[in-house]
Every structure is written in C-alpha cells, then in structure tokens.
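Here is my note on the structure you sent round. Please keep the model open while you read.

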Amino acid sequence: MARRSSLLAKQVISVSSARSLGFVSQLWVDAASWIVALVEVRPSLLSGEAEKFHFEDICQVGDVVLIEDESVVGNECNLVGLNSLVGYNVVTSRRRNVGKVRGFTFDINSGAMESLELDSFGFSIVPSSLVSTYCLFVEDVLDILSDTIVVHEDAVSRVQRLTL
C-alpha cells in the first residue's frame, strides 16, 4: 500500500527519453470504483500549467515516478466523475461530523483505494505529527456529495487512530 503523500512532489520521468516531465501535484480518484485514475503533474513544485496522465501509465515508483513515454502526458484526460478528496468533509448518514480527508492509501500497482486518512483540518501540508489522524476504510463510504463524503453511521466505531 502507498499513501497519497508519498507520491506528491515526486519527479516524473519518461523512460524512453530520460526527460523530466515535472512533479506529481495531485491524484484524481474515481470514487465510483475507488480507483486512482489520473496523476496531475506540474513543471515546478509551486507553479506551472498542470498536465495529466492515466495512473495505469506508471511503470514504476521509487525515488521518482517512471512512465514509458512522455506521449501519455496531456492525452485526453477527462476529470468528470473524478475527485481529489483532500479537504472533503466526512459525515455519517445522520450528519455527525467524523473529520476531513487529508489523504488516502491505495495499491501502488492497481490504484485500488483502501482507506481515507482523516484529521480535523483536511490539509495535508500540516504534518501528521502535529495533529491527530485517523483511518477510515472506503467500504464504509455511502456517497459523495460535492465536497462531502457520507459514511455508514456505525463507521465511527471502526475508525482507527493513526497518530497522536
């Protein structure tokens, strides 16, 4: 399993040309299937126009993210039905607040999501050592409504503490 935060800011390199294509700036999730679908890359960590490629185009992840060929970047990548999830409110079906999404874990080979990482702020830039973080499995999610994730009422009892 990999964490969203472990892919962010990694350099993306084309195997065929050994050219740097930029840095991972966002992961986009298809919440209908709970799969990481797209990777967003920017030429600089702080700015530049974002380009996207399909998660399945990743060959290998280590110190850098390798893709076979730079031609996969900028292909037709539609964001309809995809979510970044970070910052989304998480509530139970009775609207009881559970927290905010700060990240998620997923299978690095398939992109299949396993869990959401929650805290009270929903900002992944705040180090997890400074806030209490929790884990909620995606099986507990009922629906996503704009910027809110609705979970089963009894999901609260299954939330696992990660830090602090």
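The points below go from the whole chain to single residues.

1. **Status of the model.** This is a predicted model. Please read every value below as computed from that prediction.

2. **Secondary structure and overall form.** The protein has one helix and 15 strands. Its radius of gyration is 16 Å, close to the 15 Å that the globule rule gives for 164 residues, so the protein is as compact as a globular protein of that length. Along the principal axes, the C-alpha atoms fill a box of roughly 50 × 30 × 25 Å.

3. **Inside and surface.** What share of the 164 residues is buried? The figure is 40%. The accessible surface comes to about 8500 Å². Carbon and sulfur atoms account for 50% of that surface.

4. **Contacts along the chain.** Take the contacts between residues at least 6 apart in sequence. Of these, 47% join residues at least 24 apart.

5. **Charges.** There are 13 positive and 21 negative side chains. The centres of the two sets lie 11 Å apart. The structure holds eight salt bridges. Three of them are described in the next points, one by one.

6. **Arg 3 and Glu 117.** These two residues form a salt bridge, with the closest N and O atoms 2.7 Å apart. Arg 3 sits in strand 1 (residues 2-3) and Glu 117 in strand 11 (residues 113-119), so the pair ties together parts that are 114 residues apart in sequence. Is Glu 117 buried or exposed? Glu 117 counts as buried, because its relative accessibility is 7% and the cut-off for buried is under 20%. Arg 3, at 37%, counts as partly exposed.

7. **A network around that pair.** Arg 3 and Glu 117 do not stand alone: a network of salt bridges links them with Arg 102 and Asp 119. Find these four residues in the model and look at them together.

8. **Glu 40 and Lys 52.** Here the side chains meet in a salt bridge at 3.8 Å, N to O. The pair links distant parts of the chain, 12 residues apart. Glu 40 belongs to strand 4 (residues 35-42), and Lys 52 belongs to strand 5 (residues 51-54). Both Glu 40 and Lys 52 are buried.

9. **Asp 140 and Arg 158.** A salt bridge joins these residues, and its closest N and O atoms are 2.4 Å apart. Where do the two partners lie? Asp 140 is in the loop between strand 12 and strand 13 (141-145), and Arg 158 is in the loop between strand 14 (148-151) and strand 15 (160-163), so the pair ties together parts that are 18 residues apart in sequence. Asp 140 counts as buried at 7% relative accessibility. Arg 158 counts as partly exposed at 36%.

10. **Cys 135.** This residue is in strand 12 (residues 133-137). Cys 135 is buried, with a relative accessible area of 8%. Which residues does Cys 135 touch, not counting those up to four places away in sequence? They are Ser 115, Leu 116, Arg 158, Val 159, Gln 160 and Leu 162. Arg 158 thus appears here as well as in the salt bridge with Asp 140.

11. **Cys 135 and Glu 40.** Now compare positions in sequence and in space. Cys 135 and Glu 40 are 95 residues apart in sequence. From C-alpha to C-alpha, they are 24 Å apart in space.

Note on methods. Residues numbered from 1 in each chain as written. Predicted model: local features only at pLDDT ≥ 70, side-chain atom pairs only at ≥ 80, totals over all residues. Heavy atoms only, no water. Helix = DSSP H or I, 4+ residues; strand = E, 2+ residues; numbered from the N terminus. Rg over C-alpha atoms; globule rule 2.2 N^0.38 Å. Buried < 20%, exposed > 50% of the residue type's maximum accessible area, 1.4 Å probe, protein only. Contact = heavy atoms within 4.5 Å. Areas by Shrake-Rupley, 256 points an atom, 1.4 Å probe, with all protein chains shown as cover. Lys, Arg positive; Asp, Glu negative; His and termini not counted. Charge placed at Lys NZ, Arg CZ, Asp CG, Glu CD.
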